[in-house]
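I opened this notebook to record what I looked up in one protein model. The entries run from the overall fold to the aromatic rings.

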Amino acid sequence: MSISENKLPVRGKMITFEGIDGAGKSTHIAMATEFVRRHGKTVVSTREPGGTPLAEKLRDLLLHQDMHLETEALLMFASRREHLAQVIEPALARGDWVISDRFTDASFAYQGGGRGLPIAKLEALEQWVHPHLQPDLTFLFDLPVEVARARLDATRTLDKFEQERTGFFNRARAEYLRRAAQFAPRFRVVDATRAVDAIGAQLQGWLGELLESRP
Ligand code: TYD
């Protein structure tokens, strides 16, 4: 067998979408997935907490059951461990692209910023669960908390996190922005107060750059 026949597929790219609840990520996740597919990539679109049958069960607990702050953080990373093993790592190894609605930055923002769990504990969990993996690109949908709250559909039943107060989301937002500054090369901060079309065009520009970048 020649060397070229033996070659492993080029590892895929991982893109994550982050932001406080009500930032409007969902529409853009669907559009970004379509955009990358149109450029010839196989895309695995997934979410956290969740993404596997077991992790979805943990999601249900996390979103609806009160628990100790550290239990919450540990379960977030337990579901992430499963998600990485079952979905994310195999997809990237096949050469597929992964687009995830939230990943570890959300644990820093919500459990760290929002709830006040020491950042060092989250760093230890991150080191344990995925010491060598970081997203290639993270879109942080940023907007004032009041605007995000007004967007959360008043008629829908709010989950445990969505019921949190303004202070919680202000701290989560601040932690997201702190991480965006700390890890500037992979973060793209999106002004989420703008119209859908304007945001979509900006995302396509950044996705285009990643599609053209070297493996
Ligand atoms: P999301 O899927 O954005 O909620 P929805 O389906 O209502 O749009 O995220 C679920 C919630 O979980 C969200 O409020 C943020 C929270 N979360 C954490 O607190 N820590 C984490 O590590 C993750 C991934 C999510």
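The entries below follow the order in which I consulted the structure.

**Entry 1. Model and fold.** I note at the outset that this is a predicted model. I looked up the secondary structure and found 8 helices and 5 strands in the protein chain. I then read the elements along the sequence and wrote down the pattern β-α-β-α-α-β-α-α-β-α-α-β-α.

**Entry 2. Dimensions.** I asked what radius of gyration the protein chain has, set against a compact globule of 215 residues. The value is 17 Å, and since the globule would have a radius near 17 Å, the two agree. Along the principal axes, the C-alpha atoms fill a box of roughly 60 × 40 × 30 Å.

**Entry 3. Burial and contacts.** I looked up burial next: 48% of the 215 residues are buried. For contacts between residues at least 6 apart in sequence, I recorded that 79% join residues at least 24 apart.

**Entry 4. Surface and charge.** I noted an accessible surface of about 10,800 Å² for the protein chain, with 54% of this surface belonging to carbon and sulfur atoms. The chain carries 29 positive and 29 negative charges, and I found their mean positions to be 2 Å apart.

**Entry 5. Aromatic pairs.** How many aromatic pairs does the structure hold? I recorded 7. One of them joins Phe-17 and Phe-139 in an edge-to-face arrangement, with 5.2 Å centre to centre and 65° between the planes. I located Phe-17 in strand E1 (residues 14–19) and Phe-139 in strand E4 (residues 137–142); the pair thus links distant parts of the chain, 122 residues apart. I then checked whether these residues are buried or exposed. Phe-17 counts as buried because its relative accessibility is 0%. Phe-139 also counts as buried, because its relative accessibility is 0%.

**Entry 6. A pair between helices.** I turned to Tyr-110 and Phe-169, which form an edge-to-face pair at 6.3 Å centre to centre, with 85° between the planes. This pair, too, links distant parts of the chain: Tyr-110 lies in helix H4 (residues 104–114) and Phe-169 in helix H7 (residues 166–182), 59 residues apart. I noted both Tyr-110 and Phe-169 as buried.

**Entry 7. Ring cluster.** Finally, I asked which residues the ring pairs link into a cluster. I listed Phe-17, Phe-139, Phe-141 and Trp-206. The edge-to-face pair of Phe-17 and Phe-139 from Entry 5 therefore belongs in my notes on this cluster as well.

Definitions and conventions: Residues are numbered from 1 along each chain as its sequence is written. This is a predicted model: local features need pLDDT of at least 70, side-chain atom pairs count only at pLDDT 80 or more; totals for chains, interfaces and linings use all residues. Side-chain values use heavy atoms; hydrogens and water are left out. Helices (H or I, at least four residues) and strands (E, at least two) are DSSP runs, numbered from the N terminus. The radius of gyration is taken over C-alpha atoms; the globule rule is 2.2 Å times the number of residues to the power 0.38. Buried means under 20% relative accessible area, exposed over 50%, partly exposed in between (1.4 Å probe, protein chains only). Contact means heavy atoms within 4.5 Å. Accessible areas come from the Shrake-Rupley method with a 1.4 Å probe; for residues, only the protein chains shown count as cover. Lys and Arg count as positive and Asp and Glu as negative; His and the chain ends are not counted. The place of a charge is taken as NZ of Lys, CZ of Arg, CG of Asp or CD of Glu. Rings of Phe, Tyr and Trp (its six-membered ring) pair if their centres lie within 6.5 Å; planes under 30 degrees apart count as stacked, over 60 as edge-to-face and the rest as tilted.
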